[in-house]
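I opened my notebook to a fresh page for this one. Here is what I looked up, entry by entry.

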Amino acid sequence: MTTRTHPHTASADTRHCCAMSLLQAGVDTTVIALWLGHAGVRSTDAYVHADMTIKEKALSLTAPVTARRGRYQPTDKVLAFLDRL
């Protein structure tokens, strides 16, 4: 007897890795939800929130043309202020 394996029967870690890989490859969350056998599309929201590269890519697309590219680096003054909070 052959056991068939598909994403819905895989362990949670395997499912998470699969979902993150698909998301990073640009696969739409609705497709991921359907492929993993989720009851609804909202169940894939956690993967979007977990992936910082997707957030950085989205933010880079919204930057004004005149803005410098790259990550914000706070000054020592700003860090000192935050430490005092």
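Leaving aside its neighbours within four places in sequence, which residues is V27 in contact with?

**Entry 1: V27.** I kept in mind that this is a predicted model. I found V27 in the loop between α1 and α2, the latter being residues 29-35. Once neighbours within four places in sequence are set aside, V27 is in contact with L22 and I32. I then looked up its exposure: V27 has a relative accessibility of 25%, so I noted it as partly exposed, since buried would mean under 20%.

**Entry 2: overall layout.** I went through the secondary structure next and found five helices and zero strands. Along the sequence, the pattern reads α-α-α-α-α. I also checked how contacts are spread: of those with a separation of 6 or more, 35% join residues 24 or more positions apart.

**Entry 3: the core.** Which residues make up the largest nonpolar core? I listed seven: C18, A19, M20, L23, I32, L36 and Y47. Helix α1, residues 12-24, supplies the largest share of this core, with four residues. I was pleased to see I32 again here, as it is a core member and also one of the contacts of V27. A general reminder to myself: in soluble globular proteins, nonpolar side chains tend to be buried together. For the chain of 85 residues, I wrote down a buried share of 16%.

**Entry 4: the surface.** I noted an accessible surface of about 7,200 Å² for the chain, with 60% of it belonging to carbon and sulfur atoms. Y72, V78, L79, F81, L82 and L85 make a nonpolar surface patch of about 630 Å². I picked L82 from that patch for a closer look and placed it in helix α5, residues 76-84. Is L82 buried or partly exposed? Its relative accessible area is 44%, so I put it down as partly exposed.

**Entry 5: T53.** I found T53 in helix α4, which covers residues 52-62. With 48% relative accessibility, T53 is partly exposed too, because exposed would need over 50%. I also checked T53 against Q24: the two are 29 residues apart in sequence, and their C-alpha atoms are 8.1 Å apart in space.

**Entry 6: confidence.** Before closing the page, I looked up the pLDDT values. The chain averages 77, and 81% of the residues score at least 70. Where is confidence lowest, and where is it highest? Helix α3, residues 45-50, has the lowest mean, 72, while α5 has the highest, 94. I added a pencil note that L82 sits in α5.

Key: Residues are numbered from 1 along each chain as its sequence is written. This is a predicted model: local features need pLDDT of at least 70, side-chain atom pairs count only at pLDDT 80 or more; totals for chains, interfaces and linings use all residues. Side-chain values use heavy atoms; hydrogens and water are left out. A nonpolar core is a set of buried Ala, Val, Leu, Ile, Met, Phe, Trp, Tyr and Cys residues joined through side-chain atoms within 4.5 Å. Buried means under 20% relative accessible area, exposed over 50%, partly exposed in between (1.4 Å probe, protein chains only). Helices (H or I, at least four residues) and strands (E, at least two) are DSSP runs, numbered from the N terminus. Contact means heavy atoms within 4.5 Å. Accessible areas come from the Shrake-Rupley method with a 1.4 Å probe; for residues, only the protein chains shown count as cover. Patches are made of residues with over 30% relative accessible area and no salt bridge: like charges are joined within 9 Å, nonpolar side chains (Val, Leu, Ile, Met, Phe, Trp, Tyr) within 5 Å. A salt bridge is a side-chain nitrogen of Lys or Arg within 4 Å of a carboxyl oxygen of Asp or Glu. pLDDT is the predictor's confidence in each residue, from 0 to 100.
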